[in-house]
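Work through the following exercises with the sequence and the structure open beside you. Try each task before reading its solution.

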Amino acid sequence: MTNQNSTNIASGFTCPLPITDYKSVLLAHGGGGKLSQQLIHKLFLPSFQNEFLEPLHDGAQFTIGGQRFAFSTDSYVINPIFFPGGTIGDLAVNGTINDLAMCGAKPLFLSTAFIIEEGLSMDDLWKVIQSMETAAKQADVLLVTGDTKVVERGKGDKIFINTSGIGIIPDGVNINPKNVKVGDKIIINGEIASHGIAVMSVREGLEFETKIKSDCGPLSGLVETMFSASRNIHVMRDPTRGGVASALNEIASSAQVGITIDESLIPISDEVRGACEILGFDPLYVANEGKLLAFVSPDDADKVLETMKQHPLGTSSAIIGEVVSLHPGMVTMKSSIGGTRVVDMLSGEQLPRIC
Amino acid sequence: LKYITEYRSSTEAKKLVALIKQRVTKPWTIMEICGGQTHTIVKFGIDGLLPKNITLIHGPGCPVCVTPLEIIDKALAIASKPNVIFTSYGDMLRVPGSKKDLLTIKAEGGDVHIVYSPIDALNIAKQNPDKEVVFFGVGFETTAPANAMAVHQAKQSELKNFSLLSSHVLVPPAIEAILSSQGTNIQGFLAAGHVCTVMGYEEYIPIAQKYRVPIVVTGFEPIDILQGLLMCIGQLESGNYEVINQYSRVVRLEGNVPAKNLIFKVFEPTDRNWRGIGMIPNSGYKLRPEYIDYDAVIKFNVGEIIAEESKLCIAGHILQGMKKPHDCPAFGTQCTPEHPLGAPMVSSEGACAAYYHYGRNKL
């Protein structure tokens, strides 16, 4: 069977990847940066091509019986499975909720699938399940279907979770990178980079002491209040893997607009900034799990910002930049001392530096 | 967080830029030694704020970039061996050897670990007595004390399964090599603050006198760099060539004496090949004979590995300050962070990576 398959592949499919150095998949191919983009554009898109996939948004949007829906899926393979401020279970539930929320949808139903490594303690599994229950209740969604597989010891890493979700998109809500216009203000709902640093602080062999907690949380409630303030929210993105820089680059690229942000306006806690300095990380590339970037028409930006600040997940919201007509497809940043630089897409994971 | 926000203040930066503009009457070419400084300059757009007649040349002070290809190949050979746990600082993992990098070795099943410190590697060795644990000891004088400490502790505790692949390089011989090379146009230096934290700056005084160049020991934040430049330009304009310490909140003349003593106990100077530059006499550290059991090159018998550099890559010219990254025909085309031809495109401190990430080719 295996032989037959590989023969078929060899004769019917020539790999279009120009990255001939990579005969095997590297971790960076899943890192959300340039190598992930290469996989999507060179392997996945040409194979699965369709109108719902092509916008490459956080979820697909479609209409059934006059009602618009959003549908999204994500898998969670985080190590360690417990970290300051959350668990793999919180992430799995909130991650898909947030992907749906980024389509402007109100999440309704989730599915979940567990791949569990033989030997995981029942206690740990129970903790994960409980955290999923709490997260689902908090966001008012139901886990309506699921699946469980157990793999041999050593063939997994404790537990992998997939969730998929479906939500309805209210009338008048239209989230699409193509709606982005020059002059749109870019709003973020709070301090960046805490999730990535919190997870890093407990990763085996790389531990350091910190009070930083993951920002993991459901954004659907916040999004609902934002839309109650204005329907002129053109696109939203949750800057998870690859951080704020990668999310902004994705939007600049798919909307073919220029984006400029101001370093001094980007909210970041002193603790996270300090940890990033020590590790040699740029916080713009560090993952978030409870943050969103919203592109809002300039007339409504202040109104949306004020509404966000009233919500518990948006108290430190800020306008961090805007869409410009210059340099389409590119993100630039005014540095804290007044210089300018390009904020590029990250290639591969950030690695702790020497000195 | 003291010393981060204060040293990134835009009002202070504007004041310093104005002072520099007042002071400058002639064109000057200044080299910042350390790759960390290069990144600050490009990341904060400092070069764009300076008067046009100040040229900044990016120096060879990126330990990742100057590690010779043959040592990377030795690292890859050791990391591929069964029963070896190969430990390294993160940014060495993507540096291309002749054929592969450490990340590829890891993807192929090699046991490659990122650590923050050689002491972490030592602990891994203690926890895995049936494995050979190797630490990739790359760096300038800054990282030498920690590596010396790891080897010293291993010997004291009779830990047999730990060894060091040493590729230490030293700043002062590199400055001398640059100053004595033909066609150099560098008139002043910003010395690397962190290196001087360990070593002090006594050894720079004879260099400044011999070659009549001002040297300013400089920190890494934007305000540090601007202050360092102002001090250097001030000396150039008035014809002085002293060693001045801008980074006095951290650096003392004599450096960190206990750290230096430990370095000299474990290491001795040796000739070292610099990637893209070539051999510089007495520009590196090797383990002293009494610590030879901890030398990974000998333990794994990889001394014979030699390697040839990519012909396209002009890393040598860039590291010596003769060319800028965007002068390279491969820059951003054949050579990108995903596909680096040379180490300056890989490291978080490499000049090419700085230019690429912060868009100096695009702006």
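The exercises below deal with a sheet, a hairpin and a pair of helices in a model that is predicted.

**Exercise 1. Find the order of the strands in the five-stranded sheet of chain A, and state which strands stand at its edges.**

Begin by following the sheet from one side to the other: the five strands of this open sheet come in the order β1-β2-β7-β5-β6 in chain A, and their pairing is mixed. Next, look at the two ends of that order, where β1 and β6 (residues 142–151) of chain A each have a single partner strand, so one side of each is left without a neighbour in the sheet. Finally, compare directions while ignoring the sense of each strand: neighbouring strands of this sheet are turned by 20° against each other on average.

**Exercise 2. Work out in which sense β1(A) pairs with β2(A), and in which sense β5(A) pairs with β6(A).**

Recall first that strands of a sheet pair through backbone hydrogen bonds, either parallel or antiparallel. Strand β1(A), residues 60–64, and strand β2(A), residues 67–76, pair in the antiparallel sense over five bridges, and A:Ile64 stands opposite A:Gln67 of β2(A). These two strands form a hairpin with two residues between them, and A:Gly65 in the turn has a positive phi of about 55°. Turning to the other pair, β5(A) and β6(A) are joined in the parallel sense over nine bridges, with A:Leu143 in β6(A) as the bridge partner of A:Leu110.

**Exercise 3. Identify which strands of the sheet are touched by α3(A), and which strands α4(A) lies across.**

Start with α3(A), which packs on the sheet and touches β2, β5 and β7 of chain A, its direction making about 150° with that of β2(A). Then move to α4(A), which lies across β5, β6 and β7 of chain A and runs at about 15° to β7(A).

**Exercise 4. Describe how helix α6(A) meets helix α9(A), and name the residues in contact.**

Two packed helices are described by the angle between their axes and the distance between the axes. Here the axes of α6(A), residues 220–229, and α9(A), residues 298–310, come within 9 Å and cross at roughly 145°, and the crossing is right-handed. The contact is made by A:Leu222, A:Thr225, A:Met226 and A:Ala229 of α6(A) together with A:Lys303, A:Val304, A:Thr307 and A:Met308 of α9(A). Sorted by class, these are five nonpolar, two polar and one charged residues. As a last step, consider burial: among the buried residues of α6(A) are A:Leu222, A:Met226 and A:Ala229.

Terms used: Residues are numbered from 1 along each chain as its sequence is written. Chains are lettered from A and ligands numbered from 1 in the order in which they are written. This is a predicted model: local features need pLDDT of at least 70, side-chain atom pairs count only at pLDDT 80 or more; totals for chains, interfaces and linings use all residues. Side-chain values use heavy atoms; hydrogens and water are left out. Axes are lines fitted to C-alpha atoms, for helices over the stretch in contact, and angles run from 0 to 180 degrees between N-to-C directions. Helices (H or I, at least four residues) and strands (E, at least two) are DSSP runs, numbered from the N terminus. A crossing is left-handed if the near helix is turned anticlockwise from the far one by less than a right angle, and right-handed if clockwise. Contact means heavy atoms within 4.5 Å. Ala, Val, Leu, Ile, Met, Phe, Trp, Tyr, Cys and Pro count as nonpolar, Asp, Glu, Lys and Arg as charged, and the others, Gly among them, as polar. Two strands pair if DSSP finds at least two bridges between them. Buried means under 20% relative accessible area, exposed over 50%, partly exposed in between (1.4 Å probe, protein chains only).
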